[in-house]
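Dear colleague,

Please find below the structure that I am handing over to you. I would be grateful if you could keep it open while reading the notes that come after it.

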Amino acid sequence: MMAESGIMGPPRILLVESDPLIAGTTLRLMRQLGYLTLPPANTVSEARARLRAKPDAVLLEITLRHGEMSLPFADELMAQGVPFAFFSGYYIHDLPARFASCRIVMKPVGDELLTAELLALAGWPGGASAGGGEAGERTRLAPGASGDLHLLTGGSTATDPDVANDP
């Protein structure tokens, strides 16, 4: 249990990502790190539907299928107080000013940075600072994290039907 955030057990993460390879790789890494993952969403309407499962945090790609932008969904997440980070190739200064204080995980991303961002979103110790850390600062790894993001095998078997077992 995490006293600061009130999360019981492993956090449930929603990934909103339209690229199946990136989604699969990221979900496998999150599961290896002990997170529960909701089935990924690749459109805003799917993401809104998945939000009913009350994820603890959301990783949100900015440009989805057919050029659909997820920024209105990001506004909804902010209004509802759902922790999220943009998961994108965009720079934060490329986004409207209202998102200037939001977290962003730049793609491509290494395991260390993704791990630190997930820990920070979930409120776990070892997470990245809100500013992303200073140059040269080392990020503490969660057990099992290493090197660059790569296709991982395995993953936990979930008994919760709302938790994705496969991307």
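The notes below go from the overall fold to single helices, aromatic rings and individual residues.

Please bear in mind throughout that this is a predicted model.

**Overall architecture**

The protein contains four helices and five strands. Read from the N terminus, their order is β-α-β-α-β-α-β-β-α. The chain has 167 residues, and 44% of them count as buried. Among contacts with a sequence separation of 6 or more, 65% are between residues 24 or more positions apart. The accessible surface amounts to about 8500 Å², and carbon and sulfur atoms account for 55% of that surface.

**Helix H1 and its surroundings**

Helix H1 spans residues 20-32, which is 13 residues. From first to last C-alpha it reaches 18 Å, close to the 18 Å expected at 1.5 Å a residue. At its N-terminal end, aspartate 19 acts as a cap, with a side-chain oxygen 2.9 Å from the backbone nitrogen of leucine 21. Just past the other end of the helix, glycine 34 has a positive phi of about 95 degrees.

The buried residues of H1 are Ala23, Gly24, Thr25, Thr26, Leu27, Leu29, Met30 and Arg31. Their packing partners are strand E1 (12-16), strand E2 (36-37), strand E3 (57-60), strand E4 (84-88) and helix H4 (111-122). One of these buried residues also has a polar partner: the side chain of arginine 31 makes a polar contact of 3.1 Å with the side chain of threonine 37. Threonine 37 belongs to strand E2 and is buried, at 1% relative accessibility.

Isoleucine 22 is likewise part of helix H1. With a relative accessibility of 27%, isoleucine 22 counts as partly exposed, because it falls between the 20% limit for buried and the 50% limit for exposed. Leaving aside residues up to four places away in sequence, isoleucine 22 touches Glu17, Phe87 and Lys107. The C-alpha atoms of isoleucine 22 and proline 108 are 9.4 Å apart, although 86 residues separate the two along the chain.

Proline 108 deserves a remark of its own. The peptide bond leading from lysine 107 to proline 108 is cis, with omega near -5 degrees. Proline 108 sits in the loop between E5 and H4.

**Helix H3**

In helix H3 (residues 71-80), the buried residues include Leu71, Phe73, Ala74 and Leu77. These residues lie on the same side of H3, because they cover an arc of only 150 degrees around the axis. Ala79 and Gln80, on the other side of H3, are exposed. The cover over the buried residues of H3 includes E1, helix H2 (44-51), E3 and E4. Glycine 81 follows H3 and has a positive phi, near 75 degrees.

**The aromatic rings**

How many aromatic pairs are there? The count comes to two. In one pair, phenylalanine 84 and phenylalanine 86 meet edge-to-face, at 5.2 Å centre to centre and with 85 degrees between the planes. Phenylalanine 84 has a relative accessible area of 8% and is buried, while phenylalanine 86 is buried at 0% relative accessibility. Phenylalanine 86 also pairs edge-to-face with phenylalanine 99, at 5.3 Å centre to centre and with 90 degrees between the planes. Phenylalanine 86 lies in strand E4 and phenylalanine 99 in the loop between E4 and strand E5 (103-106), so this pair ties together parts that are 13 residues apart in sequence. Both phenylalanine 86 and phenylalanine 99 are buried. Through these ring pairs, Phe84, Phe86 and Phe99 are linked into a cluster.

**Positive phi outside glycine**

Two further loop residues may be worth a look on the display. Lysine 54 has a phi near 55 degrees, which is a positive value in a residue other than glycine. Lysine 54 is located in the loop between H2 and E3 and is exposed, with a relative accessible area of 66%. For histidine 66, phi is also positive, near 55 degrees, and this residue too is not a glycine. Histidine 66 is found in the loop between E3 and H3. At 85% relative accessibility, histidine 66 counts as exposed, because the limit for that class is over 50%.

With kind regards

Notes. Residues numbered from 1 in each chain as written. Predicted model: local features only at pLDDT ≥ 70, side-chain atom pairs only at ≥ 80, totals over all residues. Heavy atoms only, no water. Helix = DSSP H or I, 4+ residues; strand = E, 2+ residues; numbered from the N terminus. Buried < 20%, exposed > 50% of the residue type's maximum accessible area, 1.4 Å probe, protein only. Contact = heavy atoms within 4.5 Å. Areas by Shrake-Rupley, 256 points an atom, 1.4 Å probe, with all protein chains shown as cover. Expected span 1.5 Å × (residues − 1). Polar contact = N/O pair within 3.5 Å; in protein donor to acceptor, adjacent residues only side chain to side chain. Arc of directions from axis to C-beta. Phe/Tyr/Trp six-rings, centres within 6.5 Å; stacked < 30°, edge-to-face > 60°.
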